[in-house]
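Please examine the following model with attention to how its parts are joined and how its interior is assembled.

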Amino acid sequence: MFSRFLPSFRWADFILPSTFQLSPLMELLLEPVDCNETSCRLQLGLQEALVNAVRHGNAGDPRKCLRIRRILTPNWLIWQIQDEGDGLSSDARQGCLPDQVDANQGRGLFLMHQCFDDIRWSRRGNRVQLACRRPGTSQRAISA
């Protein structure tokens, strides 16, 4: 009886070695996105988040793992990406472009903020939650 009042949530967990070979994983992560334009935008943002987790969080160490959870709700598409690193400090989590145009780093977080509607970090800073409203849904707060 109460099941008709509960929102339908689905999730999938992925645990894999820290690697830059992300194409097969990206297909799995984006599988439920049914809008091509949204899929392209999210692919860019997820690619940046995953590369940051491998390069900076896990220091490129293939013995370390990435943990990814994909959560699907009626209104949101959510990905949580966790590495085994020490975490990103709270003052470094801003999505601003670097001051110098030719800087070697700093564009990834900016791109993530451009690609997703909501970004949240764990207290430690080694897990990021990236959320996108499903196309055609209204702007409401995330409930996950």
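The account below begins with a hairpin and then turns to the nonpolar core.

The structure is a predicted model. Strand 4, residues 118–121, runs antiparallel to strand 5, residues 127–133, and four bridges join the two. Within this pairing, isoleucine 119 stands opposite leucine 130 of strand 5. The two strands form a hairpin in which five residues lie between them. In the turn, glycine 125 has a positive phi of about 90°.

The loop between strand 4 and strand 5 also contains serine 122. Serine 122 has a relative accessible area of 10% and is therefore buried, since the cut-off is under 20%. Residues up to four places away in sequence aside, serine 122 touches Arg93 and Arg127.

From the hairpin, leucine 130 leads into the largest nonpolar core, which has 30 residues. Leucine 130 is among the members that touch the most other members, together with Leu46, Leu50, Ile68, Trp79, Ile81 and Phe116. The elements that give two or more residues to this core are strand 1 (10–17), helix 1 (23–30), helix 2 (36–57), strand 2 (65–72), strand 3 (76–82), helix 3 (107–115) and strand 5. Helix 2 provides the largest share, seven residues. In soluble globular proteins, nonpolar side chains tend to be buried together.

The surroundings of leucine 130 may be listed in full. Apart from neighbours within four places in sequence, leucine 130 is in contact with Leu46, Ala49, Leu77, Ile78, Trp79, Ile81, Met112, Phe116, Asp118 and Ile119. Ile119 in this list is the residue that stands opposite leucine 130.

Note on methods
Residues numbered from 1 in each chain as written. Predicted model: local features only at pLDDT ≥ 70, side-chain atom pairs only at ≥ 80, totals over all residues. Heavy atoms only, no water. Pairing = 2+ DSSP bridges. Buried < 20%, exposed > 50% of the residue type's maximum accessible area, 1.4 Å probe, protein only. Contact = heavy atoms within 4.5 Å. Core = buried A, V, L, I, M, F, W, Y, C linked by side-chain atoms within 4.5 Å.
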